[in-house]
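Biologist: Can you put the model up? I'd like to go through it with you.

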Amino acid sequence: EGQVILRFSFAAILIFTFGFSTARAEEPFRRVVSFEWEPIEGAKYYEIEIKKKTNGSKASSFNTENAQWSGKLSIGHYEFRLRSLDQRKVPGDWSGYSELDVALEPVKIKYPGPETQLKSTQAEKEEINFQWEPTPGANGYALEVYNEKNEKIIDEKISKTNFEAKLAVAASYNWKVKALSKEGLESDSFDAQKFSVLGPKLEKAQIEKPDNDFVRELKWSSVSKAENYDVIIAKYNPQLKKWQKFKQFESTNQTSLSFNPEWTGGRYRLMVKSKGPNREESEYSVINFPVHNGERTPAAEYVP
């Protein structure tokens, strides 16, 4: 586990960065805190004084020969100061007090994980059981869930390590959970996790079979919850004795397609697949139909 370091200028106690590494769980839970500061010329060693910011809290003192210190601190609000001592053990002036919050470690999520796609069989809402690992030293948890518009739809403070909620299907969400301490501190942050609840498989489109071989337009039914369709037109090759893809139209929002009068006659196949965001695509609807070879205008259709 890496440690993020606090650096200090002894004269002003300037904090540039800070952080913690996790210690083995104890009673009460503690974390390893590391300080590092600019060495003081002539200093033989340093004295550090740390205390909790609570009434009647006693300060703890530590000595170190190097311009750094590591130790275990329980979760809470602290203030600290330090001074240098020369080889005669004559101390310099104490620095001013600086504040330090020892927060809880980040929550480890279990479910749903990042980029999880949950398949639902429900038409409207699916029950989701948010789960995470217990965080050492936590007194509770704060759960937040956001919809695709980044609107907060769940904001709960709970004592358990799970929470059940019903969410609309065919939608994406972001969620995060933070551990809370009795001192009012939150755990270290992490990015919100994105997941999707996939709606049930879309129904197949119903294709209207042309009345005759004077084909001028292809049509299919509108499917509930579908936003667009993938369309494939294939033509049978009698020489090769197989179907070959002739035209393809991806993600069209139309439910009809003009049959180009310049396309030659023969045996054709129409395939249509329903599609919608966060929903399982339908299977292809398929029909075969003959096409007249020659002019296919209405006038030509009714010439005996």
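**Strands, overall form and one loop**

Modeller: This is a predicted model. To start with one pair, L143 stands opposite E156 in β13.

Biologist: Which strand is joined to β13, and by how many bridges?

Modeller: Strand β12, residues 140-146, is joined to β13, residues 152-158, by 6 bridges. The two run antiparallel.

Biologist: What sits between those strands in the hairpin?

Modeller: There are 5 residues between β12 and β13. In that hairpin N150 takes a positive phi, near 65 degrees.

Biologist: Zooming out, how many helices and strands are in the protein chain?

Modeller: The chain has 1 helix and 23 strands.

Biologist: Is the chain spread out or compact, judged by the globule rule?

Modeller: The chain is more spread out than a compact globule, because its radius of gyration is 35 Å and the rule gives 19 Å for 304 residues. Along the principal axes, the C-alpha atoms fill a box of roughly 120 × 40 × 30 Å.

Biologist: What share of the residues is buried?

Modeller: Buried residues are 41% of the 304. The accessible surface of the chain is about 17900 Å², and carbon and sulfur atoms account for 44% of that.

Biologist: And the contacts, what share joins residues at least 24 apart?

Modeller: That share is 64%, counted among contacts between residues at least 6 apart in sequence.

Biologist: How far apart are the mean positions of the positive and negative charges?

Modeller: They are 4 Å apart, for 44 positive and 44 negative charges.

Biologist: Back to sheets. What is the strand order in the open sheet of 3 strands?

Modeller: The order is β17-β18-β21, and the pairing is antiparallel. β17 (207-208) and β21 (256-258) are the edge strands, each pairing on one side only.

Biologist: How many bridges join β18 to β21?

Modeller: There are 3 bridges between β18, residues 217-220, and β21. One residue to look at is E217, whose bridge partner in β21 is S258.

Biologist: Where is S224 placed?

Modeller: S224 lies in the loop between β18 and β19, the latter being 228-237.

Biologist: Buried or exposed, that S224?

Modeller: S224 counts as exposed because its relative accessibility is 54%, and the cut-off for exposed is over 50%.

Biologist: How far is S224 from A205, C-alpha to C-alpha?

Modeller: The C-alpha atoms of S224 and A205 are separated by 9.5 Å, with the two residues 19 apart along the chain.

Definitions and conventions. Residues are numbered from 1 along each chain as its sequence is written. This is a predicted model: local features need pLDDT of at least 70, side-chain atom pairs count only at pLDDT 80 or more; totals for chains, interfaces and linings use all residues. Side-chain values use heavy atoms; hydrogens and water are left out. Helices (H or I, at least four residues) and strands (E, at least two) are DSSP runs, numbered from the N terminus. The radius of gyration is taken over C-alpha atoms; the globule rule is 2.2 Å times the number of residues to the power 0.38. Buried means under 20% relative accessible area, exposed over 50%, partly exposed in between (1.4 Å probe, protein chains only). Contact means heavy atoms within 4.5 Å. Accessible areas come from the Shrake-Rupley method with a 1.4 Å probe; for residues, only the protein chains shown count as cover. Lys and Arg count as positive and Asp and Glu as negative; His and the chain ends are not counted. The place of a charge is taken as NZ of Lys, CZ of Arg, CG of Asp or CD of Glu. Two strands pair if DSSP finds at least two bridges between them.
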